Amino acid sequence: MRRQVLLFISVLSLCSVLGQISYSIPEEMARGSLVGNIAQDLGLDARRLSSRKARIHSGDDAEFIELNKQRGVLLIKEKIDREALCGQTTPCALHFQITLENPMEIFPITLEITDVNDNTPAFKKDERRFEISEIAVIGSKFMLEKAVDPDIGQNGLQSYTLKPSDNFMLKLHNQFDGSKKVEMILQKPLDREKQEHISLILTAVDGGEPQLSGTMQIHITVLDVNDNAPIFTKPVYKASITENSLKGTLITKVSASDADKGSNGEVTYSIGDSMHSVSMLFHITDEGELILNGPIDYEKAKNYQIDIEANDQAGLSDSSKVIIDIIDINDNSPTINMFSKSDTIQENSPPNTVVAIMSVSDPDSETNGQVHCDINENVPFAIKLTSSFYNLVTDGDLDRERVSEYNISVTCFDEGVPSLSSSVTLTLQISDVNDNAPVFEKASYEAFFVENNAPGVSIFTVKARDSDWNQNARVSYILEDSSVNGVPVSSYVSVSADSGVIHAVRSFDYEQIKDFQLCIKAQDGGSPPLSSNVTVKILIQDQNDNAPHVLYPVQSGGSLVAEMVPRSADVGYLVTKVVAVDVDSGQNAWLSYKLQKATDRALFEVGLQNGEIRTIRQVTDKDVVKQRLTVIVEDNGQPSRSATVNVNVAVADSFPEVLSEFTDFTHEKEYNDNLTFYLVLALAVVSFLFITCVVVIISVKIYRWRESRLYHSSLPVIPYYPPRYSDTLGSGTLPHVYNYEVCRTTDSRKSDCKFGGAGSQNILIMDPSSTGTMQRILSEKSILDEPDSPLEV
């Protein structure tokens, strides 16, 4: 039979406005049977079902259907029993949805389940017994149990037959609910003396192909007397009760009367035997009170129709129907079914972007089943009702840097009193887009750095932050092209791309460059990348790396500078001034002057700040002519650096007085310098010192021999007038000039000096080479004619 029914499978594709697709299949189809080609009916390639993540949502219904994405067809997943699924409800249909993504779409599917004749009409009991009085009048009615066939339509119960039919006949009454009331009518008087027991067979037949039938055996015992049957006061009783009423609640009361008296008039009540499921929920007392015996639910059954029988002791009976309407109360919360949802959404998504699609149902009736949905406040989302679905959409700008995750609570409530609600929470991650440029911690930077650094040392670190995430927040640092004094800035510094650390490429000298600027760009790893710039000013700090430099008096190995102090000089007499400079800056260039050594420390002092050399007591005749001062010039750096200068001072009133002293001093200086040189060489190489000493001794002997010969020569005496000396630096402390006469012989140590007037120039310059033989440049005659003309050698 089932194989024949499979020939009636039909697929109905409805191209309505709603786009709903309907299929019709018979029940009891085997697992894996074809329902329909959904890909073809949706107008899609079967391969698109997998790429668009097609899914079936069946809601609260059992999952009877499965989707084969490779073939694009719907198949039977579990065998469907129409009677278990829908009972007597017709048409019987399954409702489910197929969802697709990219873009998100929902297609409602209706699957109608048609009935097949797979159930046999059956009686609750296999037999029924009656005790009927022999005086029962023709036409007496006896209620028989109705057979039950779960099938519907033509496959359901169609007719009854009663055999044998000698004394009784069947009478069927159509009721308003479509069922048939079965009565056994006495059509021939009974005679207990002829036949005390009668056996009948009641057969129920359905209209299926082939027909199925069920039987029940009726046993009749013929009794005496009792010739009146009970009669109900109403053919139909109506009552109502709210669902979830308590067990034992009185629903209604029925009543039947019997014209007989005594025990023959006593009436008992019972619920029809065919109402097995009803008899579990209700029971009736001997007084005719219908009592609630179990829980009732409006969502399972909205009304009940109960057959009540009234029987007397003779077996005569009558029947009535009780119709009970169930009153709905708000006892069901809305049910939220999430069809499709997104776990992430980009922060630049436009408004009205669909995040989730859901359906909401409430099985209650009227206002108790009317549902409204809201979401929690202060979130940029909204919920909108479209057709029979709720769409959760964006309702504002999203910014991952402000909020990276939303917990969206959807609450649906009905309009019952009190209102019932259900909620579901959707966690939505906001995915990042590169919409934020790196931002430096400061608008500009200043970095201080000490000169004389080693190349490669770290100077400063810049830091930029990007509020984006992951690769979009990965910052790289780039040194922008620029120049410093015509040289590319990259030859001065470099920047670490990952850390932003600025390294020195070269060693810096404060005296050459004091500061410079560079521009650094911070660029993120987004696509396209975003960037920002910052200016860094590098300030070179001075280091005390330069010793003071003495400008005056000039230290020269070829000449001797001497300052003259008259013996009549008072206390505080300015002898000279030491002038020095330091190319460093700040305190590294603050100079101080100190007298380190002196021939007579009690005679001179040096100004700490100005370097002026002054007398600190009255000069006396006992003071030696030749005075030598050593002045040390120190800067204020840490550690400090210094320079020394030797100042020669002549304490005398006339120039000839000091001439021979400073000449000897010159030679003595040379001798001491040579001796120092020999000592240094002696420490380095002892052998070389020995050879050198021998050479020096021989040289001295020859030198003295030549001197003795020159001393006895008869060369003429040449008068000599020295030039007027002045301060070549223009900054001397004694700007006066001496005029003097000099008479020299070939031995300069024996020369005479004669001052021509009051001395006003205290600087005396002696040339050690003057000990050699003087060449005559001008003729003797011109010298005598021009006595003031100097002789330059």
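Where is Pro164 found? Pro164 is in the loop between strand 11 and strand 12 (168-174), and the views below start there. This is a predicted model, in which local features need pLDDT of at least 70, side-chain atom pairs count only at pLDDT 80 or more, and totals for chains, interfaces and linings use all residues. Residues are numbered from 1 along each chain as its sequence is written, and side-chain values use heavy atoms, with hydrogens and water left out.

**View 1. Two cis peptide bonds lead into prolines.** The bond from Lys163 to Pro164 is cis, with omega near -10 degrees. The bond from Asn102 to Pro103 is also cis, with omega near 0 degrees. Look for Pro103 in the loop between strand 7 (92-100) and strand 8 (105-114). Strands (E, at least two residues) and helices (H or I, at least four) are DSSP runs, numbered from the N terminus.

**View 2. Lys53 has a positive phi without being a glycine.** Its phi is near 55 degrees. Lys53 sits in the loop between helix 3 (46-51) and strand 4 (55-57). With a relative accessible area of 47%, Lys53 is partly exposed, a class that lies between buried (under 20%) and exposed (over 50%), using a 1.4 Å probe and protein chains only.

**View 3. Asn244 also has a positive phi.** Here phi is about 65 degrees, although Asn244 is not a glycine. You can find Asn244 in the loop between strand 17 (236-242) and strand 18 (250-253). Asn244 counts as partly exposed, at 41% relative accessibility.
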